[in-house]
Amino acid sequence: YTHGVPDPSNPRYYKGYGPFSQDVLIPSFIAAYSGKSAESAPLLSYKHDKIQDNPFKYFTPLPNWKVTYNGLSKLPLFSRIFSSFIVNHGYTGTMSMNGFSSSLLFNDLYGLGFPSFLDSNSHNYIPFFQVPNVTISQAFTPLLGFDMAFKNNVTAKLEVKKSKMESLSLIDYQIGENESTEYVIGIGFRKKGIKLPIKILGVKKLKNELICKLDIGLRDDKSSNTFLANNINVVSRGQKVIRISPTIDYSVSQKLTLHFFYDRQQSIPYVSNSYPTTTTRAGVTLKFLFAQ
């Protein structure tokens with residue numbers, strides 16, 4: 001039984017729990033990307049008395065939330081300008097793994113609930129549960145968002161979204177990171193009963209509705225890999241994407257609607273083995289309702 005004995009080849013670690021042991025990497029990984037100290041991160045559980053036992057039973061997930069506030073439009077300063085003013089904020093976070101399995105090489109010679117067999121290659125103890133990877137995903141959708149409707153039928157929105165995903169691989173000992181930041185600005189206009197410049201068949205004001213929208217977005221994605229053995233961080237892929245998307249919805253009548261759209265996206269890659277691309281889509285769709 002050698003728990004608590006320093007490793008002769010690396011005194012900073014205990015024997016059987018070197019820098020590439022999953023009992024060292026997983027708590028350190030979770031502590032680093034959750035903003036906690038490594039001492040406060042829970043350890044993996046290797047209790048296997050029941051089939052429901054799992055190594056992550058001591059890890060408590062954070063709650064997800066979504067906040068929407070629409071009380072600003074009731075204030076005198078806002079009520080004169082806006083018919084609606086909504087503030088949005090939301091957070092989602094998950095921690096997942098592809099699965100875990102029990103090791104056939106696990107051995108507990110002393111019956112103390114601890115491993116006692118050292119792997120000849122890594123010189124780490126072989127645990128009962130082996131975890132191939134751990135992924136932490138967090139997203140603010142949005143970090144801050146505003147939806148506004150003005151008194152003059154103009155609408156506007158502003159959103160800032162952020163997301164991040166980190167994945168620790170215990171097969172090739174590397175961490176993959178993906179960061180994304182997105183800014184969205186939108187403006188729209190709604191008009192009912194459009195007046196024609198001249199009378200046509202005695203009609204100058206049509207019983208229709210026109211909705212115009214313009215969305216402009218900027219998204220910044222970047223992916224990188226950190227190789228733990230070499231302590232090297234390499235940007236593997238990523239791009240900046242600029243999007244312009246105007247649309248027009250014209251309701252000729254209750255049964256006929258015309259939809260005009262134009263969508264242009266331009267990407268600027270971070271790595272040299274990818275090329276800048278531009279995608280343009282445009283067209284008209286017609287929707288006719290046959291119901292009486």
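## Strand pairing

Strand β9, residues 174-192, runs antiparallel to strand β12, residues 209-227, and the two are joined over 19 bridges. One pair of partners in this ladder is Gly186 and Asp215, the latter in β12. The model discussed here is predicted.

Strand β12 also pairs with β13, again in the antiparallel sense and over 19 bridges. Here Ser223 stands opposite Arg237, a residue of β13. The hairpin made by β12 and β13 has 4 residues between its strands. In this hairpin Asn231 adopts a positive phi, near 55 degrees.

## Salt bridges

The count of salt bridges in the model is 5. Three of them are described below, each with the exposure of its two partners.

Arg243 and Asp263 meet through their side chains, with an N to O distance of 2.7 Å. Arg243 belongs to strand β13 (residues 232-251) and Asp263 to strand β14 (residues 256-269), so this salt bridge ties together parts that are 20 residues apart in sequence. The relative accessible area of Arg243 is 39%, which makes this residue partly exposed. Asp263 has a relative accessible area of 5% and is buried, because the cut-off for buried is under 20%.

Asp221 and Arg219 form another salt bridge, in which the closest N and O atoms are 2.8 Å apart. Asp221 is buried at 16% relative accessibility, while Arg219 is partly exposed at 27%. A further salt bridge links the side chains of Lys161 and Glu159, with 3.7 Å from N to O. Lys161, at 28% relative accessibility, counts as partly exposed. Glu159, at 15%, counts as buried.

## Surroundings of Arg281

Arg281 is part of strand β15, which covers residues 277-288. Its relative accessibility of 47% places Arg281 in the partly exposed class, because a residue counts as exposed only over 50%.

Leaving aside residues up to four places away in sequence, Arg281 touches Phe261, Tyr262 and Asp263. Of these contacts, Asp263 is also the salt-bridge partner of Arg243 and lies in strand β14. Phe189 is 92 residues from Arg281 in sequence, and the C-alpha atoms of the two residues are 22 Å apart in space.

## Nonpolar surface patch

A nonpolar patch of about 660 Å² lies on the surface. The residues that make the patch are Leu158, Tyr183, Ile185, Ile216, Leu218, Ile242, Ile244 and Ile268. Strands β9, β12 and β13 are the elements that give two or more residues to this patch. These strands are also linked by pairing: β9 pairs with β12, and β12 pairs with β13.

Ile244, one of the patch residues, is found in strand β13. Ile244 is partly exposed, with a relative accessible area of 38%. This value meets one condition for a patch residue, because patches are made of residues with over 30% relative accessible area. Arg243, the salt-bridge partner of Asp263, likewise lies in β13.

Definitions and conventions: Residues are numbered from 1 along each chain as its sequence is written. This is a predicted model: local features need pLDDT of at least 70, side-chain atom pairs count only at pLDDT 80 or more; totals for chains, interfaces and linings use all residues. Side-chain values use heavy atoms; hydrogens and water are left out. A salt bridge is a side-chain nitrogen of Lys or Arg within 4 Å of a carboxyl oxygen of Asp or Glu. Buried means under 20% relative accessible area, exposed over 50%, partly exposed in between (1.4 Å probe, protein chains only). Two strands pair if DSSP finds at least two bridges between them. Contact means heavy atoms within 4.5 Å. Patches are made of residues with over 30% relative accessible area and no salt bridge: like charges are joined within 9 Å, nonpolar side chains (Val, Leu, Ile, Met, Phe, Trp, Tyr) within 5 Å. Accessible areas come from the Shrake-Rupley method with a 1.4 Å probe; for residues, only the protein chains shown count as cover.
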